[in-house]
Amino acid sequence: MLLAEAAEDIEMTKDKRLENLRNIGIIAHIDAGKTTTTERILFFSGKLYKIGTVDEGTAVMDWMVQEQERGITITSAATTCFWKDKNINIIDTPGHVDFTVEVERSLKVLDGAVIVLCAVGGVQPQSETVWRQADKYRVPRIAFINKMDRTGADFYRVAEQMRERLMANPIPVQIPIGAEDSYQGLVDLVTMKAIIYKGEEGKSGFDVVDIPEEYKKKASHYRHNLIEKLGEVDDMIMERYLHEKGIYPNELRAAIRRATIAGNIIPVMCGASAKNKGIQPLLDAIADYLPSPLDIPAIKGMDPEAEKEVVRQTSNDEKLCGLVFKIVSDPFVGKLAYARIYSGVLSASEHVFNSVKGKTERIGKILKMHANKQEIVDKAQAGDIVALVGLKETTTGETICDEDHPVVLESMHFPEPVISMAIEPKTKADQEKLGMALNRLCDEDPTFRVRYDKETGQTIISGMGELHLEIIIDRMLREFNVGASVDKPQVAYKETIRKQSRAVGKFIQQSGGRGQYGHVVLDVAPGAKGSGIAFESKIIGGAVPREYVSSVKEGIIEAAQSGCLAGYPVTDVDVKLVDGSYHEVDSSDLAFHMAAILGFNDGMKNGSAVLLEPIMSLEVVTPENYMGDVIGDLSSRRVKIESIDDRGNTKVIKGQAPLGEMFGYATGLRSLTQGRASYTMEPSFYQEVPKNLADKIIETSGRVNSRK
């Protein structure tokens, strides 16, 4: 009997730990006050003893040099704090659209979120983007309308904008007392008490008092609205409301929590983080309304061997299952892999199985993170977010699990880069370090891509915007000590032919002794789109001996690397070897190789060669009121618009865009739409360049025939 009771106590302790755990993110448009709000949360929960500020570059969560200099958040920072009996893991995310991947991967592993909105700016462009990301992962959230002390602050207007622009169901659980210079505090509609802050900065604490007379009517109206809206989604509240029974604050909190976790409502609060107002009630709301790991559905994955769905409950008793959502290069320990543990227990020095790559790795250390500071722990349990040292092969979006019970969790989808630049090391010493730096930055950031373009001889880096690449280059200089210069890349044009032609290639050299003799007859014709260079031998009867056919093919492939118009690679051409001749003594592999080059060049000239440009599949998502400007701009860039559709309250424009016209489009689109539109672009096919543009390209590139 005693053993059974002890086991029950242990089980209750386990559940209590998870029940009191909150994994939340702070998300918002740039400059809405996310980092300032996070700093205050850490201060009032006792994690910090001194408040840092973004403006002075002393915010704990903005620890990168670039963040402190620019006053913006670039990378998501994780920390943990305690409020009452709740353990709150917080991820403070960037607001700038260029670093949207940080929000994406954070929301993937979080249970709840606080969206911070500016009481003056309202629902801003990036607010809409992060809201859509939270919708995608079905993350329950609460809203904090910040900057109530600023000129132009309007709590009720912002709540209405949430309804209109975010298609949300915002329900105020607080209303402000005053606004702008006269902002003093708030009315808690759950307890129907007023919280009045002492002093302008609010550092002297607050008094809980009766609602001021002038706010009683408004408070009563909004509390009635709160109960009515809750009644629409909660049967218990509806029954109490219909029978005019009293509803106690604890019942109201429980109903708000149920409706928030179900995604039926968004509780709305207010405050002024910079003035230390509204933070303690916000912490209460995080504890009361946002879900614990036990409140969200169990994680689902696939068994890679049996190819069937696997469900892992949030429990230490389950088999290990975790998702690596972020990689960071640390100057002291090397690679840090941030992971959310969904089930089971992970211990330091243990071996884990990467089910995506099928590799076993050893965990060196397990760290709890506080911005860039680290605390070593012995183990990570279900529900925890930790950083792991020792994972060499594992990258973002991959699953770690028990090798005997493998599972693959759904990976993350990251947007394609939208802007590219060419990068070159400044010195020979930088050359060696550049590759290592780029590889490590690619490991960290899935939206940063690197490729070597053989056609232009350039190293091309691609990212989410000009600021993104600017920060990357700055980090290379500061963290990796690599000097580099950048330039926009050249467009990788190609050449092809319009019509079939017969070409002859002869390479004959005789100057006494053994000479060279190679003679080929080729049929050169346009090929299918995307086919590259296709070669086929149609020789019958040994006009060209079989041993020389491979040399003919190699010659054609070499010649195709540089076309006859502007020296660009040739594509979509079918070449058939139909005839030729050879010399018993003078023929050789080299002679037929050279004859094939001459024959191919002859076929290109006779086949009406044309220049091709890369065409991209383009999708622009824009609010309807900017659509005319966006379409006008696309037309000026030679974009062929294929469709215009509705997606919620936005318009989706799809079309085919010439890559050469799209450089700088990220900046141009933001200027046209006040940053509210976004676009994605990926390579589709090659298409003939209009003649007037082709002439300019050929003229600037210069003919390269003389080099052959």
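## A buried alanine in E31

Ala-525 is buried, with a relative accessible area of 15%. Since this is a predicted model, please read that value, like the others here, as computed from predicted coordinates. The cut-off helps to place it: buried means under 20% relative accessible area, and Ala-525 at 15% therefore falls in that class.

Where does Ala-525 sit in the chain's secondary structure? Its place is in strand E31, which covers residues 516–526. Setting aside neighbours within four places in sequence, Ala-525 is in contact with Ile-497, Gln-500, Asp-572, Val-573 and Asp-574. One of these partners, Gln-500, is 25 residues away along the chain, yet the C-alpha atoms of Gln-500 and Ala-525 are separated by 4.1 Å.

## A four-stranded open sheet

Let us turn to another part of the model. Here an open sheet of 4 strands follows the order E7-E8-E9-E10, and the pairing is antiparallel. Strands E7 (174–177) and E10 (206–209) stand at the edges with a single partner strand each, so one side of each has no neighbour in the sheet. On average, neighbouring strands of this sheet are turned by 25° against each other, with direction ignored.

Looking at one pair in detail, E7 and strand E8 (residues 185–188) run antiparallel and are joined by 4 bridges. Within this pairing, Ile-175 has Val-187 in E8 as its bridge partner.

## Helices on the sheet

Which strands does helix H7 lie across? H7 (residues 213–233) lies across E7 and E8, and runs at about 160° to E7. H10 packs on the sheet too, touching E7, E8, strand E9 (193–197) and E10. The direction of H10 makes about 135° with that of E9.

## Where H2 meets H10

H10 (residues 279–289) also has a helical partner, H2 (residues 34–44): their axes come within 10 Å and cross at roughly 85°. Crossing angles of 65 to 115 degrees count as roughly perpendicular, and H2 and H10 are therefore roughly perpendicular to each other.

From H2, the residues in this contact are Thr-37, Arg-40, Ile-41 and Phe-44; from H10, they are Ile-279, Gln-280, Leu-282, Leu-283 and Ile-286. By class, the contact residues divide into 6 nonpolar, 2 polar and 1 charged.

## Cysteines

How many disulfides does a search of the whole structure find? The search finds 0. Cys-401 is in no disulfide, and the nearest cysteine sulfur, that of Cys-321, is 6.9 Å away. Cys-401 counts as buried because its relative accessibility is 1%. Cys-81 likewise counts as buried, at 1% relative accessibility.

Technical notes: Residues are numbered from 1 along each chain as its sequence is written. This is a predicted model: local features need pLDDT of at least 70, side-chain atom pairs count only at pLDDT 80 or more; totals for chains, interfaces and linings use all residues. Side-chain values use heavy atoms; hydrogens and water are left out. Axes are lines fitted to C-alpha atoms, for helices over the stretch in contact, and angles run from 0 to 180 degrees between N-to-C directions. Helices (H or I, at least four residues) and strands (E, at least two) are DSSP runs, numbered from the N terminus. Angles under 35 degrees count as roughly parallel, over 145 as roughly antiparallel, 65 to 115 as roughly perpendicular and the rest as oblique. Contact means heavy atoms within 4.5 Å. Ala, Val, Leu, Ile, Met, Phe, Trp, Tyr, Cys and Pro count as nonpolar, Asp, Glu, Lys and Arg as charged, and the others, Gly among them, as polar. A disulfide is a pair of cysteine sulfur atoms within 2.5 Å. Buried means under 20% relative accessible area, exposed over 50%, partly exposed in between (1.4 Å probe, protein chains only). Two strands pair if DSSP finds at least two bridges between them.
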